[in-house]
Amino acid sequence: MKGIIYVELLGFLDQAGGPAFTEKVLAAAGLEGGGVFSRIGQYPWEEAVKIVTQAATITGQDADLLCEQFGAFLFERFTVLYPGMISAYASTDGLMAHIEDHIHEEVRILYPDAVTPKVEYRADGQDAFVVDYSSHRPFARIAYGLISGAMRHFGDDRTISWLFSEPRGNIARFRIA
């Protein structure tokens, strides 16, 4: 997984509990590199799971909820880091319809070794859409948060709900209505 995600995860922890909290989480996670990440580096996704698990343990919060909150935080960070990419869209629907052919394509250009999840967005009746997420990483909760963050960013007052999730979290289906 790209280092930029790790750097943003640490920023999320800093914002949530401060730098001392982040250091405590990293120490408890027992990471190989001690929790030092480069934006351009590549790291095992399992380390992100260790970080979130320790943050949940220390705070007593649900790890799934932390992942969703991180996803929403991450989307807002993307609006700062990649403003041209996000501002190309005027709505959640516009953005979601172009995840594969624009957003993930840009990610692969910026980071040629990136392995992006597959995200399909399709109509499900009038004014409702279904999002199918699949990845070799169990990050459906982060995907849910990213979509929620996009909806908030675009002032979209619809709701997102879970239709299905594989227990491991690498395949999920959401509905936006």
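This passage walks through the overall build of one chain, its salt bridges and a nonpolar patch on its surface. The model is a predicted one, in which local features need pLDDT of at least 70, side-chain atom pairs count only at pLDDT 80 or more, and totals for chains, interfaces and linings use all residues. Residues are numbered from 1 along each chain as its sequence is written, and side-chain values use heavy atoms, with hydrogens and water left out.

Starting with the big picture, the chain has eight helices and four strands; helices (H or I, at least four residues) and strands (E, at least two) are DSSP runs, numbered from the N terminus. Read from that end, the order is α-α-α-α-α-α-α-β-β-α-β-β. The radius of gyration is 16 Å, close to the 16 Å of the globule rule for 177 residues, so the chain is as compact as a globular protein of that length. That radius is taken over C-alpha atoms, and the rule is 2.2 Å times the number of residues to the power 0.38. Buried residues account for 46% of the 177, where buried means under 20% relative accessible area, exposed over 50%, and partly exposed in between (1.4 Å probe, protein chains only).

Next come the salt bridges, of which the whole structure holds twelve; each is a side-chain nitrogen of Lys or Arg within 4 Å of a carboxyl oxygen of Asp or Glu. One of them pairs D113 with K2, with the closest N and O atoms 3.0 Å apart. Here D113 sits in the loop between α7 (99–110) and β1 (118–123), while K2 is in the segment before α1 (3–17), 111 residues away. K2 counts as buried at 9% relative accessibility, whereas D113 is partly exposed at 42%.

E8 and R77 also meet in a salt bridge, at 2.7 Å from N to O. Since E8 belongs to helix α1 and R77 to helix α4 (residues 63–81), the pair ties together parts 69 residues apart in sequence. E8 is buried at 3%, and R77 is partly exposed at 23%. Both belong to a salt-bridge network with R39.

Over in the strands, D132 and R173 form a salt bridge of 2.4 Å, N to O. This one links strand β2 (residues 129–134), home of D132, with strand β4 (residues 171–176), home of R173, 41 residues apart.

Finally, L163, F164 and I171 make a nonpolar surface patch of about 270 Å². Patches are built from residues with over 30% relative accessible area and no salt bridge, joining like charges within 9 Å and nonpolar side chains (Val, Leu, Ile, Met, Phe, Trp, Tyr) within 5 Å. L163 lies in strand β3 (residues 160–165) and is partly exposed, at 46%.

Terms used:
Accessible areas come from the Shrake-Rupley method with a 1.4 Å probe; for residues, only the protein chains shown count as cover.
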